Amino acid sequence: MASEFVILVVYVDDINLVRTSGELQKAIEYLKKEFEMKDLGKTKLCLGLQIEHLVDGIFIHQFAYTKRVLKCFYMDKVQQLSTPMVVRSLEVNKDLFQPPEEDEELLGP
């Protein structure tokens with residue numbers, strides 16, 4: 001039998017619930033009996049991280065924060081450039097900053 005769980009992440013007056021499928025409703029009902037609260041739906045922003053809920057998972061990014069930092073340093077109007085990440089080992093004897101080799105996997109733009 002698979003384990004069921006609920007994790008409560010509390011920050012000041014906000015609670016985020018991380019759970020397995022069967023336990024969420026039970027946890028919400030219990031919390032509503034004990035505390036005055038309302039369900040605001042899926043988390044979209046938490047501690048500066050933007051959270052997008054996709055069909056096959058979640059995507060966490062800091063696009064808005066990055067735009068604010070760029071604007072602060074007058075770099076919000078510069079031309080964007082795609083810099084794909086390379087899956088690369090962190091071995092001491094390898095140069096991490098060399099151009100991608102043919103057999104290396106790119107993570108995308």
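## Report on a three-stranded sheet and its surroundings

L45 stands opposite Q50 in strand β4. This pair belongs to a predicted model, and the report begins with the sheet around it before turning to side chains and the surface.

The protein has two helices and seven strands. Read from the N terminus, its elements follow the order β-β-α-β-β-β-α-β-β.

**The sheet**

Three strands form an open sheet in the order β3-β4-β5, with antiparallel pairing. Strands β3 and β5 stand at the edges and have a single partner strand each, so one side of each is left without a neighbour in the sheet.

Strand β3 covers residues 45–46 and strand β4 covers residues 49–54; two bridges pair them in the antiparallel sense. The two strands form a hairpin with two residues between them. In this turn, L47 has a positive phi of about 50°.

On the other side of the pairing scheme, strand β5 spans residues 57–61 and is joined to β4 by five bridges, again with the strands running antiparallel. Here too a hairpin makes the connection, leading from β4 to β5 through two residues. Two of the bridge partners can be named. Q50 has H61 as its bridge partner in β5, while L54 has G57. Q50 therefore appears in both pairings, since it stands opposite L45 and is also the bridge partner of H61.

**H61 and its contacts**

H61 lies in strand β5. Is this residue buried or exposed? H61 counts as buried because its relative accessibility is 16%, and the limit for a buried residue is under 20%. The side chain of H61 is joined to that of E52 by a polar contact of 2.7 Å. Apart from its neighbours within four places in sequence, H61 is in contact with G48, L49, Q50 and E52. Among these, Q50 is also the bridge partner of H61.

**A salt bridge and a nonpolar patch**

How many salt bridges does the structure hold? The structure holds one. In it, the side chains of K77 and D76 meet at 3.4 Å, N to O. K77 is exposed, because its relative accessible area is 73% and the exposed class begins over 50%. D76, at 36%, counts as partly exposed.

The surface also carries a nonpolar patch formed by Y65, V69, L70, F73, M75 and V78. Together these residues have about 550 Å² of accessible area. One of them, L70, lies in helix α2, which covers residues 63–72. With a relative accessibility of 35%, L70 counts as partly exposed.

The table gathers the accessibility values of the residues discussed.

| Residue | Relative accessibility | Class |
|---|---|---|
| H61 | 16% | buried |
| L70 | 35% | partly exposed |
| D76 | 36% | partly exposed |
| K77 | 73% | exposed |

**The protein as a whole**

The protein contains 109 residues, and buried residues make up 9% of them. H61 is one of the buried residues. The protein exposes about 10,400 Å², and carbon and sulfur atoms supply 59% of this area. Of the contacts in the protein with a separation of 6 or more, 8% are between residues 24 or more positions apart.

Note on methods
Residues are numbered from 1 along each chain as its sequence is written. This is a predicted model: local features need pLDDT of at least 70, side-chain atom pairs count only at pLDDT 80 or more; totals for chains, interfaces and linings use all residues. Side-chain values use heavy atoms; hydrogens and water are left out. Two strands pair if DSSP finds at least two bridges between them. Helices (H or I, at least four residues) and strands (E, at least two) are DSSP runs, numbered from the N terminus. A salt bridge is a side-chain nitrogen of Lys or Arg within 4 Å of a carboxyl oxygen of Asp or Glu. Buried means under 20% relative accessible area, exposed over 50%, partly exposed in between (1.4 Å probe, protein chains only). A polar contact is a pair of N or O atoms within 3.5 Å; within protein, one must be able to donate a hydrogen and the other to accept it, and residues adjacent in sequence count only if both atoms are side-chain atoms. Contact means heavy atoms within 4.5 Å. Patches are made of residues with over 30% relative accessible area and no salt bridge: like charges are joined within 9 Å, nonpolar side chains (Val, Leu, Ile, Met, Phe, Trp, Tyr) within 5 Å. Accessible areas come from the Shrake-Rupley method with a 1.4 Å probe; for residues, only the protein chains shown count as cover.
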